[in-house]
Amino acid sequence: MIKIRRAKINDVRTIHKLLNGFADRKELLPRAISELFENLQQFHVADHGGAVVGCCSLAVQWDNLAEIKALAVADAYQGKGIGKKLLQTCLADAEALGITRIFTLTMKDGFFNKFGFKRVVKNNLPHKVWTECVRCPYFPETCVEIAMVKDFDARQKPIPAFKPGDLPKDGTVPTEPMVPKEPEADAPKTATRRRRAARP
Ligand SMILES: CC(C)(COP(=O)(O)OP(=O)(O)OC[C@H]1O[C@@H](n2cnc3c(N)ncnc32)[C@H](O)[C@@H]1OP(=O)(O)O)[C@@H](O)C(=O)NCCC(=O)NCCS
């Protein structure tokens with residue numbers, strides 16, 4: 001039976017191998033083992049008789065914003081609902097923390113779509129989100145990751161959706177600008193901006 005549980009220190013090397021196996025196939029970003037040790041508390045794993053066969057992490061990034069990262073299920077175990085259980089466990093973790101907006105950067109938008117994630121313009125996510133991007137070997141020219149957001153609270157101001165016309169034609173290279181900027185909502189409403197708006 002598959003059990004979803006919090007990761008333990010002895011799982012780190014298996015998680016590392018699992019994630020970097022997918023990274024070798026360019027399905028996930030490569031992860032340093034030091035990063036996994038540092039962020040161990042963020043991880044849940046799928047355990048099959050003591051063997052780790054899947055993992056997922058939830059990383060709080062900003063005020064009311066957490067990221068689903070490093071979701072992976074070993075090839076032989078895919079298609080059995082394990083990815084779904086790992087994701088749902090991390091989403092429940094986010095809810096327990098009071099976080100109502102979750103994002104992910106992924107190449108598997110079809111999977112996340114099933115769970116209510118919507119594609120958004122990456123540029124509208126806060127700066128902090130990009131700290132990992134700039135360390136990524138594919139940044140910026142060959143970035144293939146799609147930004148997706150799931151809101152638990154419908155009352156919050158939505159992040160603008162990615163327009164279908166803006167989708168990459170070959171399904172690989174995004175057409176959205178790869179330079180981060182502060183989202184509109186976070187930009188300070190300074191006196192200068194108000195003065196400018198008042199000018200004829
Ligand atoms: C993406 C991944 C985590 C899915 O895990 P999984 O255990 O195979 O998925 P599940 O069996 O839980 O699937 C749940 C649902 O999502 C669907 N699904 C799975 N992968 C999908 C995909 N790539 N695109 C669209 N739908 C997908 C399943 O058909 C299933 O639908 P259903 O509930 O209607 O039957 C797994 O394929 C994986 O580890 N891939 C390599 C790493 C990766 O790309 N991770 C993505 C996160 S950045």
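**Burial, contacts and two unusual backbone angles**

In this predicted model, 28% of the 200 residues of the chain count as buried.

Student: In what order do the elements of the chain run from the N terminus on?

Tutor: The chain holds six helices and seven strands, and these can be read off one after another from the N terminus. Read in this way, the elements of the chain run β-α-α-β-β-β-α-β-α-β-α-β-α.

Student: Among contacts in the chain between residues at least 6 apart in sequence, what percentage join residues at least 24 apart?

Tutor: Here we set aside contacts between residues that are not at least 6 apart in sequence, and then ask about those that join residues at least 24 apart. Among the contacts that remain, the share is 68%.

Student: Is K26 buried, partly exposed or exposed?

Tutor: K26 is found in the loop between α1 (12-24) and α2 (33-38), and its phi is near 60°, a positive value in a residue other than glycine. A residue is buried if 20 or more other C-beta atoms lie within 10 Å of its own, and exposed if 12 or fewer do. Because K26 has 13 other C-beta atoms within 10 Å, it counts as partly exposed.

Student: Is A70 buried or exposed, and which strand is it found in?

Tutor: Most residues other than glycine have a negative phi. A70, although it is not a glycine, has a positive phi of about 50°. Because 23 other C-beta atoms lie within 10 Å, A70 is buried, and the strand in which A70 is found, covering residues 65-73, is β4.

Notes. Residues are numbered from 1 along each chain as its sequence is written. This is a predicted model: local features need pLDDT of at least 70, side-chain atom pairs count only at pLDDT 80 or more; totals for chains, interfaces and linings use all residues. Helices (H or I, at least four residues) and strands (E, at least two) are DSSP runs, numbered from the N terminus. Two residues are in contact if their C-beta atoms, placed from the backbone, lie within 7 Å.
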